[in-house]
Each structure stands twice: as C-alpha cells, then as structure tokens.
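Subject: Structure for your review

Dear colleague,

Please find the structure below, handed over for your work. My notes on it follow directly after.

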Amino acid sequence: MQQQRQKVRTALIGSGWWGMNILREAMAAGQTKVVALCDVDQDKLEIAAEEVNDLSGEEPKLYSDFRELFEKEEIEIAIIATPDHWHALNTLAAIEAGAHIFIEKPTGHTIGESQAILKASRAADRIVQVGLHRRIGPHHVSGMKFLKDGGAGDIGLVRMFVHSRGGAETPTKNSAPPETLDWEMYCGPAPLRPYNRKIHPGGFRQYLDFANGTLGDWGVHWLDQMLWWCDQQSPKSVHSSGGRPVRGEAILNENVQTTDAPDSQIATYQFDDFTAIWEHRQFGGAGPEKSKVGCNFYGSKGTFHMGWRDGWTFYPDDARKPVVHEDHQLQEPDGHNLKLLWADFLQSIESKRRPVADIEIGHQATTLSLLGMLSLKLGRSVRWDGESERIIGDDEANGLLKRKYRAPWTYPEIG
C-alpha cells in the first residue's frame with residue numbers, strides 16, 4: 001500500500017483574485033495544507049478563508065501583517081501575490097523563515113529588490129518559482145522548440161506587444177479607505193498617497209508608486225519568451241520612449257487622481273546579434289493586426305508568432321510553403337497554465353532542482369522590463385553590463401536601480 005504524502009504547510013500573502021487562483025491550483029494538487037492567509041483587506045481575507053474552508057474543510061489562521069504570520073506559523077511554502085512594491089519584503093521574510101516561495105511576477109518594483117531576492121534565495125538554498133506560466137504552457141514549449149530548431153531561420157528582430165482599447169482618463173475622486181482596509185499598510189514602503197477606489201482592489205498596476213505599468217506587467221511575460229529563445233542573453237543597451245498622449249496628463253492631489261503609467265510605450269533592447277522591441281498601447285485596439293498580444297520573431301525563413309489564445313503560427317517567406325500552426329492548450333477560464341507550473345514547483349522542491357521559472361529567470365525578465373521604465377524616466381538610453389548588473393558610466397541611472405523607502409521600512413541590502 002502506497003504511503004500518503006504529508007501535506008506541505010502553505011501560506012498565501014495577498015488573498016485577492018490572482019492569489020486565490022494560485023492557491024486553488026495548489027489545493028487541487030492535493031499536497032497543500034493551507035495554514036495561514038494574509039491580507040491588509042479584511043473583507044478579501046475573510047472571503048478567501050471561507051473558500052479555503054469550503055474546498056478543504058481547513059480553517060487557516062488570518063493575519064493582516066506578514067511579519068506576524070512568519071513569527072507565529074511554521075511555513076514550508078509561501079505564495080506571494082501582493083502588489084509589486086511589496087514583493088521583495090514579503091519574499092525576503094519568507095526566505096528568512098525557511099520557506100520555499102511561489103512569487104507572482106515581477107520579482108521586484110526596482111531592480112535592486114529583485115537582486116536582493118535572488119541573492120537571499122541562493123544563500124538560503126530556497127526554491128523560488130516565479131509565476132511565468134508561459135514557460136511551461138504546451139504551445140509555448142512546442143513553439144520554442146520550433147524556433148530553437150531553426151524553423152524560422154536566423155532571427156534578426158523580435159517584437160513583443162500588447163494592444164488594447166481606451167481613451168482619455170477622467171480623474172477619480174479620492175475618498176476615505178474602506179473600514180476593512182489598512183491603507184497605511186497597503187502603501188507600506190511606497191509613498192502614502194490618498195486612497196482611491198481605482199487603485200484597490202485590482203488597479204494598482206497603472207500607478208507607478210506600486211508597480212511599473214504595462215511593461216512591468218505584461219512585458220515581463222513576453223520579454224521572458226524572448227530571453228528563453230536567446231538562452232538568457234543580456235542586452236547591451238536599452239532605450240525607451242512613450243507617455244500619455246491619449247489618457248492625458250497624470251493628476252494627483254488631495255481631491256482627485258488618475259493613473260500615471262504610460263498609455264503607450266516603446267522599448268528597444270539591443271543585443272549582440274539581434275534587436276528586440278517592446279510596444280504597448282492602451283488605445284486603438286488590435287486594429288489591422290491579427291493579434292493584440294504576443295511576440296513575433298522575424299527570421300531568414302519567415303515570421304514566427306508566439307501568441308496567447310491564438311497559439312503559435314509560422315508564416316514562411318516562401319509563399320509556396322504552407323503556414324504552420326498549433327492551437328493553444330490553456331487552462332480556462334483565465335487562459336493560464338498554473339496547474340503545470342505548480343506541479344513543477346513541487347517537483348523541484350522534492351528533487352532539489354531549480355524550477356522551470358526559477359528566480360534567476362524571473363529576475364532577468366523583470367530586470368529588462370525595469371530597464372525600459374528606467375530609460376523612459378531618464379529620457380535617454382542606458383548601456384547595460386549584464387554580468388555586474390550595473391549601468392555603464394551613468395551614476396544617475398544607477399541611482400534608479402533602487403528607491404527610497406517610506407519609514408519605518410528599510411530597503412533590502414544587496415551586498
């Protein structure tokens with residue numbers, strides 16, 4: 001008779017929509033005992049606890065402060081699904097507590113934070129899986145094999161893109177935070193700005209105090225596809241331009257505010273043998289293009305499109321040859337492959353190997369996205385040394401690899 005595996009003591013920090021998506025997959029895999037949930041929003045926390053109880057009969061302990069959670073609970077796996085500006089402090093505390101980590105991308109709000117997570121996890125020999133589920137999705141795996149086997153020939157240009165609809169943005173009134181929300185703790189190390197319902201729940205990604213806009217969100221996934229193809233090369237230089245030509249000037253005062261991330265942006269990454277371009281816009285829709293999200297590889301034999309819900313397609317430059325296509329194999333309703341990514345995470349812990357979306361992989365994709373945001377802020381190109389992870393000959397730019405934290409929070413030491 002096969003011996004039943006002991007369940008792994010697991011905590012979720014950030015119990016909103018996406019955090020619960022991850023936790024459901026963890027519970028469905030049958031090896032998870034949910035011992036604790038943590039969130040600064042008591043309403044979200046209680047709803048999550050009810051669902052955990054409905055699914056498993058377990059009653060997790062509830063916390064509003066992650067530090068208290070790690071002081072009182074023995075955690076083997078921590079799932080980090082908080083807004084980006086919290087990722088580093090949450091993850092470093094979990095590593096110090098001895099946990100393995102499943103962290104949602106990006107791996108930091110600044111490059112220095114991501115560097116600190118990579119260093120700490122390696123020093124403590126902890127497994128860190130980043131939520132780059134496109135690393136393991138079936139059509140991404142088969143499409144990457146097609147590319148790496150030379151199906152599109154020599155690649156000279158890679159274009160990554162996300163396009164959506166939108167228009168001018170009207171400021172939204174600030175208000176007192178809901179009684180169930182600890183807004184002071186939500187802001188944490190970020191500036192304490194007025195509460196606005198457009199930020200929480202769910203809208204933080206377009207506010208640069210808490211995240212890095214579309215490039216720091218969608219961009220991490222598609223930059224990672226490019227890095228996967230080129231075997232994790234580092235760019236020599238990065239240049240980005242963009243702004244808010246349609247949404248309008250960002251507004252923040254005591255009465256109202258808007259988002260402040262760019263509504264359109266182009267970032268160009270120059271590598272030794274190819275050029276990669278990121279492009280997003282939040283207006284215009286897909287337009288004449290066949291896909292509104294994905295990554296195109298332009299090669300000597302034709303163009304390869306790595307998509308999302310449209311699978312992958314190769315368009316040969318020889319019109320006499322047939323188009324090659326493979327449909328997606330995605331989990332629904334959200335179109336992700338978390339089930340496969342979680343299974344790989346558990347296997348990596350058991351076998352003591354690095355996972356498919358290891359922290360170093362997530363760190364590199366995050367770094368490229370943040371270099372694009374850094375160049376946009378500076379208004380000029382930067383030259384990047386991938387080995388030392390420093391910007392060459394530019395003290396002002398290197399100063400932006402980290403940011404000042406709001407007291408009493410302390411920026412993590414990189415060493």
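Where does Ala 81 lie? Ala 81 is placed in the loop between E4 and H4. Please note that this is a predicted model. Setting aside neighbours within four places in sequence, Ala 81 has contacts with Leu 12, Ile 13, Gly 14, Gly 19 and Glu 104. Between the C-alpha atoms of Ala 81 and Ala 211 there are 13 Å, while the two residues stand 130 residues apart along the chain.

Helix H4

The helix on one side of that loop, H4, spans residues 87–96 and is mostly covered, with nine of its ten residues buried. The buried residues are His 87, Ala 88, Leu 89, Asn 90, Thr 91, Leu 92, Ala 93, Ala 94 and Ile 95. Against which elements do the buried residues of H4 pack? Their partners are three strands and two helices, namely strand E1 (8–13), strand E4 (77–80), strand E5 (100–103), helix H3 (66–72) and helix H5 (111–124). After H4 comes Gly 98, which has a positive phi near 90 degrees.

Domains and their interface

The chain is divided into two parts: domain 1 covers 8–134 + 342–357, and domain 2 covers 137–333 + 362–400. Taken over C-alpha atoms, the centres of domain 1 and domain 2 are separated by 24 Å. To the contact, domain 1 gives 30 residues and domain 2 gives 38 residues. About 2,900 Å² of area is buried between domain 1 and domain 2, and carbon and sulfur atoms account for 58% of this area. The interface of domain 1 and domain 2 is also crossed by two salt bridges.

A salt bridge is found between the side chains of Asp 217 and Lys 105, with an N to O distance of 2.4 Å.

Aromatic pairs

The search of the whole structure returns 21 aromatic pairs. In one of them, the ring centres of Phe 146 and Trp 312 are 5.0 Å apart and the planes meet at 35 degrees, so the pair is tilted. This pair links distant parts of the chain, since Phe 146 belongs to helix H6 (residues 138–148) and Trp 312 to strand E15 (residues 312–316), 166 residues apart. Phe 146 and Trp 312 are both buried.

Phe 146 also pairs with Phe 314: the ring centres are 5.2 Å apart and the planes are at 50 degrees, so this pair is tilted as well. With Phe 146 in helix H6 and Phe 314 in strand E15, the pair ties together parts that are 168 residues apart in sequence. Is Phe 314 buried or exposed? Phe 314 has a relative accessible area of 6% and is therefore buried.

These three residues belong to one aromatic cluster, which is formed by Phe 146, Trp 229, Phe 271, Phe 274, Phe 297, Phe 304, Trp 312 and Phe 314.

Two arginines are placed over aromatic rings. Arg 159 lies over the face of Phe 161, at 4.6 Å from the ring centre. Arg 309 has its charged end over the ring of Trp 308, 4.8 Å from the centre of that ring.

Backbone geometry

Most residues other than glycine have a negative phi, and most peptide bonds are trans. The following places may therefore deserve your attention when you inspect the backbone.

His 200 and Pro 201 are joined by a cis peptide bond, with omega at about 5 degrees. Pro 201 is in the loop between helix H7 (183–187) and helix H8 (218–229). A cis bond also runs from Ala 407 to Pro 408, where omega is near 10 degrees. Pro 408 is located in the segment after helix H11 (395–399).

Positive phi values occur in residues other than glycine at Gln 232, near 65 degrees, and at Glu 389, near 55 degrees. Gln 232 sits in the loop between H8 and strand E9 (237–243). Glu 389 is in the loop between strand E17 (382–385) and strand E18 (390–391). Why does Glu 389 count as buried? Its relative accessibility is 19%, and buried means under 20%.

With kind regards

Terms used: Residues numbered from 1 in each chain as written. Predicted model: local features only at pLDDT ≥ 70, side-chain atom pairs only at ≥ 80, totals over all residues. Heavy atoms only, no water. Phe/Tyr/Trp six-rings, centres within 6.5 Å; stacked < 30°, edge-to-face > 60°. Helix = DSSP H or I, 4+ residues; strand = E, 2+ residues; numbered from the N terminus. Buried < 20%, exposed > 50% of the residue type's maximum accessible area, 1.4 Å probe, protein only. Lys NZ or Arg CZ within 6 Å of the ring centre and 35° of its normal. Domains from an automatic or database assignment. Contact = heavy atoms within 4.5 Å. Buried area = accessible area lost by both parts, 1.4 Å probe. Salt bridge = Lys/Arg side-chain N within 4 Å of Asp/Glu carboxyl O.
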